[in-house]
Each structure stands twice: as C-alpha cells, then as structure tokens.
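User: Could you take a close look at the pockets and cavities of this protein for me? I'd like to know what lines them and how the neighbouring parts fit together.

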Amino acid sequence: MGDHMKQLKSIVIFTIIIFLLILPLNISLAVDIDTSDYNPDNLTTNSDSIILIDAKTGNILYSKNAYEKKYPASTTKLMTAILTLENCKLTDVVTVSHNAIFSVPVGYSHASLQEGEQLTVEQLLNVLLIPSANDAAFALAEHIAGSVDEFSTMMNNKAKELGCLNTHFVNPNGIHNNDHYSTAYDLALIGQYAMKFDDIMHIAKISQYTLPKTNKYDRTDRIFNATNGLITKNDEYYYPSATGLKTGYTDKSGYCIVATAEKNGVELLEVVLGSESISDRYEDCIKLFDYGFENYSNQNLVSANEIIENVEVAGATKETKNLDIVAKSNIDVLLKNNIDINSLDKKVEINGNLTAPISEGAVVGKITYTIDGKDYSTDLIANSTVIPSNFETIIFRILLIFLILCLFALILKKVDRYGNGRNKSKKISKTKKIKSKSAKHSKGRGKYKFTQINEYL
C-alpha cells in the first residue's frame, strides 16, 4: 500500500512539473486579436502593408497585411522621441560623441553634428523628426541610456508596454538590420501614443528648421527641410488636413510613413509600409485619409445628464420616490455615416433594489454600447436626492436626543454649582476659625496670625 501511494505521488508531481513547463508557452502564444484584413468597402491600395485607425479610440477603419513583420526604417524614430520626452527635459544639454557621428552609414541622413558639440534635447528632437537625422538619434540614445544597446532594451520594453505584438528594435533610428522589425499595427500603437506628446506634434508640423551656432559650429547654415511631403505646402503631395508624423526609407524597407490628419473633429492615423515609390506611399495615404473623412464622423450616442430611465425608489417620500437616472458623461464614437444609432447594441444596467436614501450624483448603474466587439460606456447617476419616507421620524428622534442631552447638561451644571456652593461654605467657615484662632494668639505672639492666614491662602 505504501509503495502504491509513493508511485501515485510521483505521478502527480511529474504531471505538475510538465504542466508548469507547458503553461508559459501556451500563454505566450495566445493572442486575443483578429489579424485578418479589414476592407469593408473593397478599397484598392498599392503598398505592402497598411492600417488606418481612429486616432482617439484605435478602432481600425482599414487594414491590409497590418500584422506582417516589416522593416520600419526611420519611423523607428517615433519611439526614440517618446523615450526622450519621458526621460529628459527640452533644456537638457547633450554632448555628441564620436560614436554618434561615425556610426551613421554612408548614404543615411544626418544633421552634420560635430564630435563634442553641445546641443539641447529640443534641438536634437527637431533634427531627429524633421530631416530624420540619424546622428541625432544616436546622441539622444547615448545621453539617455549610456549606450545604444541599453537604449534598444528600453525601446523594446516600451513597445511591449504599448501592446506591440511583433516589434523588435536594435537601434534608435531604423538603420537597416535584419533583426530590427515591426508591423503596421504595432507602429499604429506607437504613433497613437506619440500623439499624446504636444512637443512631438508641434515638431511634426514644422517644414523647415535651422540649427543655431554651438560650441563646435559657428555658422547657421545647417538648414533642414521636412521629409514629410504631406505637411509641406509646396510639395505635390501636400495634404491640408495633415498634422504629422514621420517618414522612413531604406532599400530593404521601401518607402514608409506614420501619418496623422485631422478634419472636423475627426483624427485619423495611418501607417504605410513597403511602398515601392514615394508616389505609392503618398497616394495610398491620401486615398485612405479621404475615405476616412468622407465616410466617418463623430456621433454622439449619449449626452451627459441625458435621462436614461426613471425608476421608483422603495422606501422614499412621495415627493422624491420617482428618480431620473442620467448619464454621467458623453459617449462619442467615430462611426460610419450610414449607421443607424438606434440599431446599435445597447445595454442599460441599474443597480438592483434601489432604496432610499440616495444622494444626488450617486452612481446607480451603467450604460454600454458594443460596436464591433468593443465596449463604450459611462456610469449612470442619480439626478436628485431621494429622501427616506420615515425622514420626519428620524428628525424627531434626533431632536429628542438633542433635548435630552441639553437637559442632562443642565442637571450636571446645577449639581456642579451645588457642590461648589457647599465647598465654598466649608472654606469660609474654616477660614473664620483660623482667623479666630489667630486673633487669640495675636496678643502674645505679634505677627503670627498673618503667617497662618498666608499659608492657608
């Protein structure tokens, strides 16, 4: 019997070990996301990999091979800009190293930085994003992390934090490396996060920038033009609604861009990877931006303080028992113009057994719209105060308790006065006796009576 139990125990332990070894593998492979293309209106585009999203919510409006690994080229610099702003002040001074200059391969863009040159973080960000200077990327990476390798680790950690599925960085600028890759979907997440930084969005709209004189460069002839034709007015691909963001190109990656645009309150973000030409890159960009602005608009599903339901609250006074339940805030969603809002999946949840008292503004439920598998919700709150029906009784009891306490205090005060009165009488009597005694002794002992009285007092 003992041997049988030992064998059973060994089998259980062995099974647990195998389960623990396999479990992490299963978790890492489980990805709850639909990676299929999304093209509801059968649009045709030329570039290899594209995604168009609502910049506010991340909802996908169009996708084509958006989850395939591609070389991101200089769109990588968006992550470098993000980490720079998260770890530095614009006024911080960076000293350009020998490595930052001579690590840039021939043919790649640079800002003619000088070894030992000192520039502010703001100046380096401008040449990083406007002319796509690779030496500026190296200088910032070394300043922040001490080395390119350490900075690349920071980039990869940030990518995971943002939810990127297939991204791996080995440098801060996108100089080609077979192990440096991303996807249109992942770059859309990075671009969406980059839009939260006002400094990035400000720089992304600048079409020309000049570096000032520095400790190592005494001229102002380092003048740079933006690589993004969508924001450059004299460019053939100028798009008036464009607001940024970052272009890229290498022989291996083809022409790339993470682009943003805004019109009538609608903000769109698009990623284009693997275009064979500049024209393909911009034409796909413009086509999809036009598609988004023409077919989608922000629609209000629920307004703040809008009455959702009226309920009768148990245990409330006649005047307050009918409670209006209202939305706490707006629910605004970018939807196709031809969608009937009334046909959307709506769920109203009211907390069960609502009873008085209820304070005005108290959360009593939730309203949720589910669109394409994504929930949009806001709390439901009480529009007024609900008073319990026995409120008068409660007030009476409170007043009664107050009166009793007052009476009790009055009694204590009288008792205290009575006690003090008795003590005072005893004290006066005792004092008289002492005076009398002192008077008797005063005939023969001079000032003795004064000494005794002073001691008593």
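Analyst: Happy to. Here a pocket is an open set of grid points with protein on both sides within 12 Å along at least five of seven lines, whereas a cavity is a set of points where a 1.4 Å probe fits but cannot get out. Please keep in mind that this is a predicted model.

Let's begin with the largest pocket, which has a volume of about 820 Å³. It is lined by 31 residues, and those closest to its centre are Gly-58, Asn-59, Ile-60, Asp-372 and Lys-374. Two or more lining residues come from each of β1 (49-54), β2 (60-64), α7 (184-194), β13 (331-336) and β16 (374-382). By class, this lining holds 18 nonpolar, seven polar and six charged residues.

The second largest pocket encloses about 380 Å³. Among its 22 lining residues, Ser-74, Ser-109, Gly-248, Tyr-249 and Thr-250 are the closest to the centre. The elements that supply two or more residues here are β7 (242-250) and α9 (278-295), and β7 makes the largest share, with five residues. The lining of this second pocket consists of six nonpolar, eleven polar and five charged residues.

Several of these elements belong to one sheet. Five strands form an open sheet in the order β2-β1-β9-β8-β7, with antiparallel pairing. Its edge strands are β2 and β7, each of which pairs on one side only. On average, neighbouring strands are turned by 5° against each other, with direction ignored. Within the sheet, β1 pairs with β9 (residues 266-275) in the antiparallel sense over six bridges; for example, Ile-50 has Val-272 of β9 as its bridge partner. Helix α9 packs on this sheet, touching β1, β2, β7, β8 (254-263) and β9, and its direction makes about 25° with that of β8. So you meet α9 twice: it packs on the sheet and it helps to line the second largest pocket.

Helix α7, from the lining of the largest pocket, has a helical partner too. Its axis and that of α2 (residues 77-87) come within 10 Å and cross at roughly 35°, and the crossing is left-handed. In this contact, Leu-78, Met-79, Ile-82 and Glu-86 of α2 meet Ile-190, Gly-191, Tyr-193 and Ala-194 of α7. The residues involved are six nonpolar, one polar and one charged.

Now for the enclosed spaces. Searching the whole structure gives two cavities of 30 Å³ or more. The largest cavity has a volume of about 70 Å³. Of the 13 residues around it, Leu-129, Ile-130, Ala-204, Asn-228 and Leu-245 are the closest to its centre. Strand β7 gives the most to this lining, with four residues, and the lining as a whole has eight nonpolar, four polar and one charged residues. Strand β7 thus appears in the lining of the largest cavity as well as in that of the second largest pocket.

The second largest cavity has a volume of about 30 Å³. Its lining is made up of Tyr-71, Pro-72, Ala-73, Gly-174, Ile-175, His-176, Asn-177, His-180 and Thr-250. These divide into four nonpolar, five polar and no charged residues. Thr-250 is worth finding in your viewer: it lines this cavity and is also one of the residues closest to the centre of the second largest pocket.

Terms used
Residues are numbered from 1 along each chain as its sequence is written. This is a predicted model: local features need pLDDT of at least 70, side-chain atom pairs count only at pLDDT 80 or more; totals for chains, interfaces and linings use all residues. Side-chain values use heavy atoms; hydrogens and water are left out. On a 1 Å grid over the protein atoms alone, a cavity is a set of points where a 1.4 Å probe fits but cannot get out, and a pocket is an open set with protein on both sides within 12 Å along at least five of seven lines; lining residues have an atom within 4 Å of a point. Grid points are joined across faces, edges and corners, and a volume is the space filled by probe spheres set on the points. Ala, Val, Leu, Ile, Met, Phe, Trp, Tyr, Cys and Pro count as nonpolar, Asp, Glu, Lys and Arg as charged, and the others, Gly among them, as polar. Axes are lines fitted to C-alpha atoms, for helices over the stretch in contact, and angles run from 0 to 180 degrees between N-to-C directions. A crossing is left-handed if the near helix is turned anticlockwise from the far one by less than a right angle, and right-handed if clockwise. Contact means heavy atoms within 4.5 Å. Two strands pair if DSSP finds at least two bridges between them.
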